[in-house]
Amino acid sequence: MPLTPSNSLALGTPAPAFSLPDPAGKVVSLADFDGAPALLVAFISNRCPYVKLIREALAAFAADYQPRGLAVVAVNANDFDAHPEETPAKTAEEAAAVGYGFPYLVDADQRVAQAFQAACTPDFFLYDRSRGLYYHGQFDDARPNGATPVTGGDLRAAVDRLLAGEAPPAEQKNSIGCNIKWRPGNEPDAVLPA
């Protein structure tokens, strides 16, 4: 399976505005999180082994940090016409089964993924209060079929620093995972060999 890294983005890059529906049709926008001291936008999938590995830990992570002021929203941008496991109905089932306590939105035309320059699943974008990019990196070092346990350590450390008013982490390791399943004509660039 090819591995796709997240794109490198400059810290401080503004969060793109978005307005997307959840599977039930409720629209969630960037403005809905105004006032939150931190915002995590996670591009995830229902089928990617890299997301399946961390999904319970991601749900637990959100439950830990939301009471501390972190707003969390996830986006499924995969082409669900070509990949039926990614349909809005399956996305609703996934959110319920895993216990995601945050909105899991559907980016059917992939414009939001393009605006964020999202590349893979999972792909994490952590923004500060002014919605400047603070951290764009991996959840942790765990990989499917690897020995490293899932802890969310890298993302937890970044959120801790942000909520404490500290500077962004010096090291930000790119996330790695499955490429976003682009609709024909939406595909960006390259993939790393497995």
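This report describes the two sheets of a predicted model and the helix that packs on them.

## Basis of the model

Because the model is predicted, local features need pLDDT of at least 70 and side-chain atom pairs count only at pLDDT 80 or more, while totals for chains, interfaces and linings use all residues. Residues are numbered from 1 along each chain as its sequence is written, and side-chain values use heavy atoms, with hydrogens and water left out.

## The five-strand sheet

An open sheet with mixed pairing has the strand order β6-β5-β4-β8-β9. Helices (H or I, at least four residues) and strands (E, at least two) are DSSP runs, numbered from the N terminus; two strands pair if DSSP finds at least two bridges between them. The edges are held by β6 (104-106) and β9 (133-135); each has a single partner strand, so one side of each lacks a neighbour in the sheet. From one strand to the next, the twist averages 30°.

Strand β5 (residues 70-76) runs parallel to β6, and three bridges join them. Opposite Ala74 stands Tyr104 of β6.

## The three-strand sheet

A second open sheet is antiparallel, in the order β1-β10-β7. Here β1 (4-5) and β7 (120-121) are the edge strands, each with a single partner strand, so one side of each has no neighbour in the sheet.

Two bridges link β1 to strand β10 (residues 176-179) in the antiparallel sense. Pro5 has Ile176 in β10 as its bridge partner.

## Helix α1

Helix α1 (residues 49-65) packs on the five-strand sheet, touching β4 (38-43), β5 and β8 (123-127). Contact means heavy atoms within 4.5 Å. The direction of α1 makes about 150° with that of β5. Axes are lines fitted to C-alpha atoms, for helices over the stretch in contact, and angles run from 0 to 180 degrees between N-to-C directions.

Helix α1 also lies across β7 and β10, at about 125° to β10.
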